[in-house]
Amino acid sequence: MSAETPFQPFVPATETRPEFSVRAILLGCLFGVLFGAVTVYVGLRAGLTVAASIPISVLSISVLRALGRASILENNIVQTTGNAGQSIAAGVIFTLPALIFLGFDLEYARIFILALLGGWLGVLFMIPLRRQLIVEEHGNLTYPEGTACADVLIAGERGGSFASRVFFGLGLGALYTLFQNENLLGAWPGTPNYEPKWLPGAAIRAEATPEYLGVGYIIGPRVAGVLFAGGVFSWLVLMPAIHFFGAHLPTAIYPGTVPISQMGPSDLWRTYIRPMGAGAVAASGLITLLKTVPTIVGALAAGLKTLGKNAPMSSAQRTERDLPMSVVLGGSVVLVLLMFLFLTFKPVPGAQVGWLANLAASLLVVIFGFLFVTVSSRIVGLIGSSANPISGMTIATLMATAAIFLVKGWTAPAFGALAITIGGTVCIAAANAGDTSQDLKTGFLIGATPWKQQIAVMVGVMVSVFAIGITLNAMNQGLETFTPMKQPIPYNLNAPIDGVQVQQAHFKRAHFLLTKPDHTTQFIDGSGYVLLNALGSTQLADGKYLLNPQTGQIEIQWSQGIGSEKAAAPQGRLMATVINGILSRKLPWGLVLLGVFLVIAVELLGVRSLSFAVGAYLSIGTTLAIFCGGIVRWMVDRAVAKAGGDASETESEVSPGSLYASGLIAAGGIMGLLGVALKLYDAATGHEIRLWFAPDSGIYQLLYRQPLSIVMFALLAFSLYYFARKPLNDK
């Protein structure tokens, strides 16, 4: 951009239109809560997230148009406010679930405070960089998602409408999920499953949900194919090999606690594949980070050179006004002080450390936070938010933090919780800074007022964190299972096993739902049990167990929702693996290193290993369903090419297929959370809600056929193909 031809935004700087209105903020907050919750639900299950700014913009144009003519600047405030929920949720789910894997509880207050502090730090640290990144380098940094969002808003201002396609996806996806979800009507199996007798240890299954179908379509056939390739390797190669070589052994093989001959596919995945997958994801994250080191160094150097060059609030140009540096510096100091006070007076239960460690943690948040906010804000301008190496930056933060703790001798489990607190806050800040940069680019293109957008993001952060914490805890509890041990294990409280600790002498749950091997359920009084927490034990797999003091045996395993096949949380497992590997060094290193060298082999083949590693960690039920969405995208691309159309149209974030897929994702997340809420009601009241297709009803027995599930999922996939081919101007 030369000085002779300055860029002219859609709304001139001299023109004032309605922008920071009450209805825009309220609608943006509503979308922030909605898409924040959906991102938590989908991200924990699929291991990845998709951008929300385009669907929010499309819905905002439609809603505000119905309420009375709105300006483009109001619609921009809506998407800016609402998009904060998605970015904060992504940072939260990639890191904070590691507390569960480290053996600690996931408290709502902790999620809320860390997400709020991290989100606001991301905004404040990015503000001094805005003028250089967004304005001065307008021609160099494209910010693809921000530019696409501006195109949508401008088209909407000129009378265009895309909302019908999103609403079709929402409606059909919600109807499908109502019948498919096992916590709702459950009219057919939610996860068709086939375990071939001719390949013991293997399983082919697919969680036939609309959100996975939509995710697969948006990420495209190549990424979806690489994800599925990882699943095929784990579930159809490695697990059968483990069964083949280990089934004849009479004793368990570490980290397993029962012989392999007694394990089904899910047991093999849980015991042997997850550690290998965590090693693979960690190695691929580091490789990705190393590849982007030149870009990171360049981004940091450029950012520091131009720090603080923004125009003051008194600037004559409306489109150049940022929040003043006094707010940025003062706010940052206050947030860091709040972090120190929070860590000091409300530590992780069972993870108390001294004030010196808390002060060090607060300072590390500032150092790493500013470093990676600067990097994230610039990198997303080059390669987009979807390719932003957030996990790699977080791994670097955790490794550096854990190394410092190791040198200081701070290796107790409590310091692992403190390390993930630092990494989580930095990850949330970097994720929000990247998306804030995209939003400010959108505002620059359409002529928005920067300081109003910056306040809108902070409002969006403050509101959405309420829903994010609730959703995270709801999924952890709503998807949990209590199952009898295959063989009760004698346990003497007076002679504890290494790595096993008493967490609650009297289990605090008044009652819980026990799922028996025949899938029937029974409510059990929990007060008579002792809660044990196993971490790094050679006799018990990591997790929580219930001991019956009367029999002196561990009788029940409590599998929390996060970390299960239904919500695998691969990034959270990765972060816990990094911390355990450095501080406690209690890892099944053989499996972890197997994952590391698997990733190296994949990289040597010229394939981007991160998608393969995540696919190897996730259940094949997740990756196969996502792959189906990728196949639909491939079919649409081929059909468009044969018709002589431009294949790039299907790759656009505002293509009819992408909009319909966004509706499917939102519908699957919303209805899935409704099912989780019903499960929570069951657990809280002790009364199961019997819906139409209860397992013992005649109609359920009539319809409970796996082919029906496959047919219905195929029909949903056909609807995606149909609406992806149907032009947007066809109402």
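Select Leu44 and show its surroundings. Leaving out residues up to four places away in sequence, Leu44 is in contact (heavy atoms within 4.5 Å) with Thr39, Ile93, Pro97, Leu472, Met475, Ile562, Ala567, Ala568 and Ala569. The model is predicted: local features need pLDDT of at least 70 and side-chain atom pairs count only at pLDDT 80 or more, while totals for chains, interfaces and linings use all residues. Residues are numbered from 1 along each chain as its sequence is written, and side-chain values use heavy atoms, with hydrogens and water left out.

Next, add Val92 and Leu472. Together with Leu44, these residues have the most contacts inside the largest nonpolar core, which has 195 residues. A nonpolar core is a set of buried Ala, Val, Leu, Ile, Met, Phe, Trp, Tyr and Cys residues joined through side-chain atoms within 4.5 Å; buried means under 20% relative accessible area, exposed over 50% and partly exposed in between, with a 1.4 Å probe and protein chains only. Colour helix α15 (residues 413-446), which gives this core its largest share, 18 residues. Helices (H or I, at least four residues) and strands (E, at least two) are DSSP runs, numbered from the N terminus.

Now select Ile497, Val500, Leu532 and Leu540. They are among the 11 residues of a second, separate core.

From Leu532, move to strand β7 (residues 530-534), where 5 of 5 residues are buried. Val530, Leu532 and Ala534 lie on one side, Leu531 and Asn533 on the other. In a regular strand, side chains alternate between the two faces of the sheet.

Which strands pair with β7? Strand β4 (residues 500-504) does so in the antiparallel sense over 4 bridges, and strand β8 (residues 543-548) does so in the antiparallel sense over 5 bridges. Pairing requires at least two DSSP bridges between two strands. To see single pairs, show Gln501 opposite Asn533 in β7, then Leu532 with its bridge partner Tyr545 in β8.

Last, look at the largest cavity, with a volume of about 120 Å³. A cavity is a set of points, on a 1 Å grid over the protein atoms alone, where a 1.4 Å probe fits but cannot get out; lining residues have an atom within 4 Å of a point. The volume is the space filled by probe spheres set on the points, which are joined across faces, edges and corners. Select Phe35, Val38, Val50, Ala51 and Ile665, the closest to its centre of the 13 lining residues. Helix α1 (22-46) gives the most to this lining, with 4 residues.

How values were computed: 1 Å grid on protein atoms, 1.4 Å probe; cavity = no way out; pocket = protein on both sides within 12 Å on 5 of 7 lines; lining within 4 Å.
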